[in-house]
Amino acid sequence: IGWLQILVVIALSELWRYENVISKYDQGVKPGDLGWNPTAPAGGNRPKWFGPTFTAKYEPEEWNLMKLREMKHARLAMLGFGFMVCQNAASGRGPSLFPSFSTPEYASQVGDFVPKGLILDCIAEFASSVLQQLELLLMM
């Protein structure tokens, strides 16, 4: 029953976000602005948040700096996730807080449709073709 409660809360908050934010983009509501901080210098129309709000007062320069930090951290997180997927596809090992000395077969790889070692073979082929091209350029 706990999972059902979690799903209901997530579904209700996403429905609220769709009704008050996503469907009002053409009215000037900014993506990601949920109206949690009514005193923030976000500009444009702001949605009215139904719950508790934050009252931190930001200067426009500090607000823009916070937005820039959020974008940088999100991009870094996406890059890290991409490298985790590549590591799993190449080696079959996934990220874990605890070392796993033997991985069960059902949890070995995300992309079981890719034969083991195929990615490494493709990388080796690509590297050899790049080296051949470099040799040809150096001979000229």
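Visitor: What is the relative accessible area of Arg17?
Guide: This is a predicted model, in which local features need pLDDT of at least 70, side-chain atom pairs count only at pLDDT 80 or more, and totals for chains, interfaces and linings use all residues. Residues are numbered from 1 along each chain as its sequence is written, and side-chain values use heavy atoms, with hydrogens and water left out. With a 1.4 Å probe and protein chains only, buried means under 20% relative accessible area, exposed means over 50%, and partly exposed covers what lies in between. Arg17 counts as partly exposed, because its relative accessible area is 29%.

Visitor: Which residue meets the side chain of Arg17 in a salt bridge?
Guide: A salt bridge here needs a side-chain nitrogen of Lys or Arg within 4 Å of a carboxyl oxygen of Asp or Glu, and a search of the whole structure finds one. The partner of Arg17 lies three residues apart from it in helix α1, so about one helical turn separates the two. This partner is itself partly exposed, at 38% relative accessible area. With an N to O distance of 2.9 Å, the side chain that meets Arg17 is that of Glu14.

Visitor: How many helices does the chain have?
Guide: Helices (H or I, at least four residues) and strands (E, at least two) are taken as DSSP runs and numbered from the N terminus. From that end on, the elements run α-α-α. The chain has zero strands, and its helices number three.

Visitor: Which residues does Asn20 contact, leaving aside its neighbours within four places in sequence?
Guide: Asn20 belongs to helix α1, which covers residues 2-20, and its C-alpha atom is separated by 7.8 Å from that of Lys48, 28 residues apart along the chain. If contact means heavy atoms within 4.5 Å, then with those neighbours set aside Asn20 touches Val29 and Pro47.

Visitor: Is Val29 buried or exposed?
Guide: Val29 sits in the loop between α1 and α2 (60-91). Beyond its neighbours within four places in sequence, Val29 is in contact with Asn20, Val21, Lys24, Asn45 and Pro47. Because its relative accessibility is 7%, Val29 counts as buried.

Visitor: How are the rings of Tyr58 and Trp63 arranged as an aromatic pair?
Guide: Rings of Phe, Tyr and Trp (its six-membered ring) pair if their centres lie within 6.5 Å, with planes under 30 degrees apart counted as stacked, over 60 as edge-to-face and the rest as tilted. By this rule there is one aromatic pair. Tyr58 and Trp63 lie 5.6 Å apart centre to centre, and with 50° between the planes the pair is tilted.

Visitor: What is the volume of the largest pocket?
Guide: On a 1 Å grid over the protein atoms alone, a pocket is an open set of points with protein on both sides within 12 Å along at least five of seven lines, and lining residues have an atom within 4 Å of a point. Grid points are joined across faces, edges and corners, and a volume is the space filled by probe spheres set on the points. For the largest pocket this comes to about 610 Å³.

Visitor: Which of the 19 lining residues are the closest to the centre of that pocket?
Guide: Of the 19 residues that line the largest pocket, five are named as the closest to its centre. These are Gly32, Asp33, Trp63, Lys67 and Glu70.

Definitions and conventions. On a 1 Å grid over the protein atoms alone, a cavity is a set of points where a 1.4 Å probe fits but cannot get out, and a pocket is an open set with protein on both sides within 12 Å along at least five of seven lines; lining residues have an atom within 4 Å of a point.
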